[in-house]
Amino acid sequence: MEKLSDKDGIDQLSIKYKALKAEIHKVIVGQDDVVNQVIMSIFSRGHSLLVGVPGLAKTLLIQTISDSLGLSFKRIQFTPDLMPSDIIGSEILDENRNFKFIKGPIFANIVLADEINRTPPKTQAALLEAMQEKTVTAAGTKYELDKPFFVLATQNPIEQEGTYPLPEAQLDRFMFNIWVDYPTYEEEIAIVKNTTADLKTNLSPILSGEEIVYFQNLIRRIPVPESVYEYAVKLVAKTRKNSPHTHPLTEQYLDWGAGPRASQYLIIGAKCHAAIHGKYSPDIEDVKAVAYAILRHRIVRNYRAEAEGYTMEKIIQELMK
């Protein structure tokens, strides 16, 4: 990619972001917030967990984004009998009786982990090293994953029979927890028209892997005012008990608060949110824009919150005041 100043790079990112969204919406009707958050997690070098009932096009959305980015894409359907080697790969004896490593589906730019809570913890943990370190280890040998690399996982929030809830340590590795809701009446009419006719949509790749890596590095370089750092860290501190900044709601309704990774992701997310909207530095509104998706899976409500109808969104909204 040609050498650009950081200012020109942000201008270019904003243009590419709009083009990418337009391309995605050739296939995906509505779900604007979901599309925004998935794109932001990619530019922020993060991973996303998409939570929603079946049939809301979570898998189609991820496939569409990968087609629009011109990146390699692999889908892993998580099942109770899936083994770690099914994800990472395994060694086999070749025709010369030498051991040869056959790469698994984790070796792709975008990995869709479909229904991640349907597989046992041992297999879920196989994703941990890949998500955090961008490497996998097989038979004592470390293999680098392709760059860019993202895991986009889906989860069904309703049917919990025979599932293995993700432990907090694994949930924390996802930058965003994205809630995928039902479409509006008008959007559903458009979806039904599009999917029941003989229409074929050809998508053009908007960004290359090299450009995405450039924009990821650019976002890290964006300067942040001290007041924005303070707001983000204070917001996370409000979720913790026995903190000088503990919020009254925390004492009443939360069992557990968010860790330092939440503060880091709030700043990275705010930088990205500012950049895609053509701003050269984030403000407090950019932090607020990403706070729900970042804090939703990092704080734990108690029974009283559930009994009194205090949703996670309502609690986060109060904490941001």
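Contact here means heavy atoms within 4.5 Å. The exercises below use a predicted model.

**Exercise 1. Describe how helix 11 and helix 12 pack.**

Solution.
- Step 1: locate the pair. Helix 11 covers residues 260-276, and helix 12 covers residues 284-295.
- Step 2: list the contact residues. Helix 11 offers A262, Y265, L266, G269, A270, H273 and A274. Facing them in helix 12 are D286, V287, A289, V290, A291, I294 and L295.
- Step 3: sort them by class. The contact of helix 11 with helix 12 has 11 nonpolar, 2 polar and 1 charged residues.
- Step 4: take the geometry. Two packed helices are described by the angle between their axes and the distance between the axes. For helix 11 and helix 12, the axes come within 8 Å and cross at roughly 130°.
- Step 5: name the arrangement. Angles over 145 degrees count as roughly antiparallel, and 65 to 115 as roughly perpendicular. Helix 11 and helix 12 are therefore oblique to each other.
- Step 6: add the hand. The crossing of these two helices, 11 and 12, is right-handed.

**Exercise 2. Do the same for helix 2 and helix 3.**

Solution.
- Step 1: take the geometry. Helix 2 (residues 32-43) packs on helix 3 at about 50°, and the axes are 11 Å apart.
- Step 2: name the arrangement. Angles under 35 degrees count as roughly parallel, and 65 to 115 as roughly perpendicular. Helix 2 and helix 3 are therefore oblique to each other.
- Step 3: add the hand. Helix 2 crosses helix 3 in a right-handed manner.
- Step 4: list the contact residues. V34, V35, V38 and I42 come from helix 2, while L61, I65 and L69 come from helix 3.
- Step 5: sort them by class. The contact of helix 2 with helix 3 has 7 nonpolar residues, no polar and no charged ones.

**Exercise 3. Characterise the largest pocket.**

Solution.
- Step 1: give the volume. The largest pocket holds about 630 Å³ of space.
- Step 2: find the centre. Of the 21 lining residues, Q155, N177, R296, H297 and M312 lie nearest the centre of the largest pocket.
- Step 3: trace the elements. Strand 1 (48-51), helix 6 (168-171), strand 9 (176-179), strand 11 (300-301) and helix 14 (312-319) each supply at least two residues of this lining.
- Step 4: count the classes. The lining of the largest pocket has 10 nonpolar, 6 polar and 5 charged residues.

**Exercise 4. Characterise the second largest pocket.**

Solution.
- Step 1: give the volume. About 460 Å³ of space lies in the second largest pocket.
- Step 2: find the centre. This pocket is lined by 21 residues, and V27, V29, L60, I191 and T195 are the closest to its centre.
- Step 3: trace the elements. Helix 3 (58-69) and helix 7 (185-195) give two or more residues each to this lining. Helix 7 gives the most, with 5 residues.
- Step 4: count the classes. This lining, in the second largest pocket, has 13 nonpolar, 5 polar and 3 charged residues.

**Exercise 5. Identify what is unusual in the backbone at P148 and R45.**

Solution.
- Step 1: recall the rule. Most residues other than glycine have a negative phi, and most peptide bonds are trans.
- Step 2: check P148. The peptide bond joining K147 and P148 is cis, with omega about -5°. P148 sits in the loop between strand 7 (141-144) and strand 8 (150-155).
- Step 3: check R45. Phi of R45 is positive, near 65°. R45 lies in the loop between helix 2 and strand 1.

Technical notes. Residues numbered from 1 in each chain as written. Predicted model: local features only at pLDDT ≥ 70, side-chain atom pairs only at ≥ 80, totals over all residues. Heavy atoms only, no water. 1 Å grid on protein atoms, 1.4 Å probe; cavity = no way out; pocket = protein on both sides within 12 Å on 5 of 7 lines; lining within 4 Å. Points joined across faces, edges and corners; volume = space filled by probe spheres on them. Helix = DSSP H or I, 4+ residues; strand = E, 2+ residues; numbered from the N terminus. Nonpolar A, V, L, I, M, F, W, Y, C, P; charged D, E, K, R; others polar. Axes fitted to C-alpha atoms, helices over the stretch in contact; angles between N-to-C directions. Left-handed = near helix turned anticlockwise from the far one by under 90°.
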